[in-house]
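Ready for a few exercises on a structure that is new to you? Try each task by yourself before you read its solution.

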Amino acid sequence: MVTTVPQSEIDIPATAAGKSRVELKNVSRGFGEEWDREEVIKNLTFEIKPGDLTCIVGPSGCGKSTIVNLVAGYDTPESGEILLNGSPVRGPGKDRMVVFQETALMPWQTTYDNVVFGPLLRGEGTRAEIDKEARRLLDRVGLGDFKKKYPSQLSGGMQRRAELARALINKPVLLIMDEPFRGLDAMSRPLMQEFFLRLFEENRRTNLFVTSEIEEAIFLADRLIVLSNRPAQVRAVIEIPLPRPRQFHMMSSPEVFEIKRQALEILHEEAMKSFRGQGARGEQVRPQAQP
Ligand SMILES: Nc1ncnc2c1ncn2[C@@H]1O[C@H](COP(=O)(O)OP(=O)(O)OP(=O)(O)O)[C@@H](O)[C@H]1O
């Protein structure tokens, strides 16, 4: 069950957010020469529904960032197609913003200058309009008093919030988060999860969120896509039936326990494949010749 959250005026209109649907159809991508080929994703098919927060979880190295790069348009599938609202993704665009684990803030610019950089560069609106929007977003992410600070003067959680403001000023129809909270300390991570949820629940912007933490995925997601070991394929799609706004206490319900059990069972099975003699490339590892 998902409850509708009232539209906030702080962000893009629900119509724009609600329209963005992403479809991956039989997408494959590998790397290397023929003799040294590594199939990373193979015939991957799934859908990100409009206004949903879709979380991808999968074993380490299964190809999650490769999927992010393809959806963002930084990379191109070898076969298959990726559609955004029915149109093929043919390259990067400001309609899809990515927040990575590593900070992408420019260290020589203040938090404010980082946020206004994109729209100013592209000449989108007047200086006054961009300034107003930047201030509004920085206030919204709780950095109103940190506008003049440089990224190195911000904590990890603050840097992520600055990155969110920097992404949101572009009014993307799809926000892509690639393990954005990995590396944050044990206190900051749940705070950032909750903060991010409130932001999402205000406008329901279509969101693709990659994480290796199953609890984080369940807490955030409307749908969970569980991937196989490399080459990545969809092992399970799990709908998360928790109401919104999400609260931490919901995580102790029996249904969450059951979802977690299901997902962990699959992830364990997939991880074990690498230990049982299946190589990282999905091939059988030949036994070593004895001397
Ligand atoms: N540009 C590239 N050239 C060659 N190999 C690549 C390239 N990009 C990714 N790979 C390979 O694809 C595989 C999957 O990498 P990817 O980063 O997508 O996995 P991941 O699931 O995000 O990993 P992690 O769980 O560690 O974050 C890795 O073996 C990686 O070396």
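The exercises below use a predicted model, and each one is followed by a worked solution.

**Exercise 1. List the residues around the ligand, and find which helix gives the largest share of this shell.**

Step 1: Begin at the ligand and note its neighbours. They are Phe31, Val40, Gly58, Ser60, Gly61, Cys62, Gly63, Lys64, Ser65, Thr66 and Ser212.

Step 2: Look for the helix. Helix α2, which covers residues 64–72, supplies the largest share of the shell, 3 residues.

Step 3: Sort the shell by class. There are 7 polar, 3 nonpolar and 1 charged residues around the ligand.

**Exercise 2. Describe the domains of the protein chain and the side of domain 1 that touches domain 2.**

Step 1: Mark the bounds. Domain 1 is assigned to 48–95 + 173–283, and domain 2 to 106–171.

Step 2: Locate the centres. Between the C-alpha centres of domain 1 and domain 2 there are 26 Å.

Step 3: Turn to the contact. Domain 1 brings 10 residues to the contact and domain 2 brings 8 residues.

Step 4: Focus on domain 1. On its side that touches domain 2, helix α6 (residues 188–203) gives the largest share, 4 residues. By class, this side of domain 1 holds 7 nonpolar, 2 polar and 1 charged residues.

**Exercise 3. Work out how helix α3 packs against helix α4.**

Step 1: Recall what is needed. Two packed helices are described by the angle between their axes and the distance between the axes.

Step 2: Read off both values. Helix α3 (residues 111–122) and helix α4 (residues 127–140) pack at about 135°, and their axes are 10 Å apart.

Step 3: Name the arrangement. With that angle, α3 is oblique to α4, and the crossing of the two helices is right-handed.

Step 4: Find the residues that meet. From α3 come Thr111, Tyr112, Val115, Val116, Pro119 and Leu120, while α4 offers Ile130, Asp131, Ala134, Leu137 and Leu138. The residues of this contact of α3 with α4 comprise 9 nonpolar, 1 polar and 1 charged.

**Exercise 4. Do the same for helix α5 and α6.**

Step 1: Take the geometry. Helix α5 (residues 156–168) packs with α6 at an angle of about 20°, with the axes 10 Å apart.

Step 2: Interpret the angle. Angles under 35 degrees count as roughly parallel, so α5 is roughly parallel to α6. The crossing of α5 and α6 is right-handed.

Step 3: Name the partners. Gly156, Gly157, Arg160 and Leu164 of α5 make the contact with Ser188, Leu191, Met192 and Leu199 of α6. By class, the contact of α5 with α6 has 4 nonpolar, 3 polar and 1 charged residues.

**Exercise 5. Find the backbone features at Pro231, Pro245 and Asn26.**

Step 1: Keep the background in mind. Most residues other than glycine have a negative phi, and most peptide bonds are trans.

Step 2: Check Pro231. The bond from Arg230 to Pro231 is cis, with omega near -10°. Pro231 sits in the loop between β9 (223–227) and β10 (234–239).

Step 3: Check Pro245. A cis peptide bond runs from Arg244 to Pro245, with omega near 0°. Pro245 belongs to the loop between β10 and α8 (254–275).

Step 4: Check Asn26. Asn26 has a positive phi, near 50°, although this residue is not glycine. Asn26 is located in strand β1 (residues 22–31).

Terms used:
Residues numbered from 1 in each chain as written. Predicted model: local features only at pLDDT ≥ 70, side-chain atom pairs only at ≥ 80, totals over all residues. Near = placed C-beta within 6 Å. Nonpolar A, V, L, I, M, F, W, Y, C, P; charged D, E, K, R; others polar. Domains from an automatic or database assignment. Contact = placed C-beta atoms within 7 Å. Axes fitted to C-alpha atoms, helices over the stretch in contact; angles between N-to-C directions. Parallel < 35°, antiparallel > 145°, perpendicular 65-115°, else oblique. Left-handed = near helix turned anticlockwise from the far one by under 90°.
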